[in-house]
Amino acid sequence: MPIKLPRAIEAYFDADRSGEPDAVAAAFTENGIVKDKGEIHTGRDAIREWMVEAGQLYTYTMEPFLISTENGKTQVTAHVVGTFPGSPVDLRFFFVLAGDKVAELEITV
């Protein structure tokens, strides 16, 4: 049974599934932040480049299966399968939302 995600988070996962870096960047606020693999990407241009790079390195699918909220952050756990080291893995996505956009996203194992 699929989980119900807030609109901004659903937009992020939908954009990621599309494989379109511009769509992923558009899911964020103008000064949105992504923290992934020890790097910080700030602003839509940097987020777009992060997605371009990820798309060149790996192919993958994600299926969110758990959601919780704590201390102003929404945590979504997703099963990720792809052409990356350690696949498959369950990743945790910590979102801070600003209206219908993602203001901050941190991805961890």
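Let me start with Arg44, which is partly exposed in this predicted model, with a relative accessible area of 23%. Arg44 forms a salt bridge with Glu30, and the closest N and O atoms of that pair are 2.9 Å apart. Because Arg44 sits in helix H3, which covers residues 44–57, while Glu30 belongs to strand E1, residues 28–36, this contact ties together parts that are 14 residues apart in sequence.

Staying with strand E1, I would like to turn to Lys35, which counts as partly exposed at 29% relative accessibility. The side chain of Lys35 meets that of Glu104 in a salt bridge, with a distance of 3.4 Å from N to O. Here the pair links distant parts of the chain, since Lys35 is in strand E1 and Glu104 in strand E6, residues 101–108, and the two are 69 residues apart.

Now back to helix H3, where Arg48 forms a salt bridge with Asp45, the closest N and O atoms lying 2.7 Å from each other. Both of these residues, Arg48 and Asp45, are within helix H3, 3 residues apart, which is about one turn of the helix. As for accessibility, Arg48 is partly exposed, with a relative accessible area of 24%, whereas Asp45, at 55%, is exposed. The Arg48 and Asp45 pair also belongs to a wider arrangement, in that Asp22, Asp45 and Arg48 are linked in a network of salt bridges.

To place these contacts in context, the structure holds 5 salt bridges, among them the pairs Arg44 with Glu30, Lys35 with Glu104 and Arg48 with Asp45.

Key
Residues numbered from 1 in each chain as written. Predicted model: local features only at pLDDT ≥ 70, side-chain atom pairs only at ≥ 80, totals over all residues. Heavy atoms only, no water. Salt bridge = Lys/Arg side-chain N within 4 Å of Asp/Glu carboxyl O. Helix = DSSP H or I, 4+ residues; strand = E, 2+ residues; numbered from the N terminus. Buried < 20%, exposed > 50% of the residue type's maximum accessible area, 1.4 Å probe, protein only.
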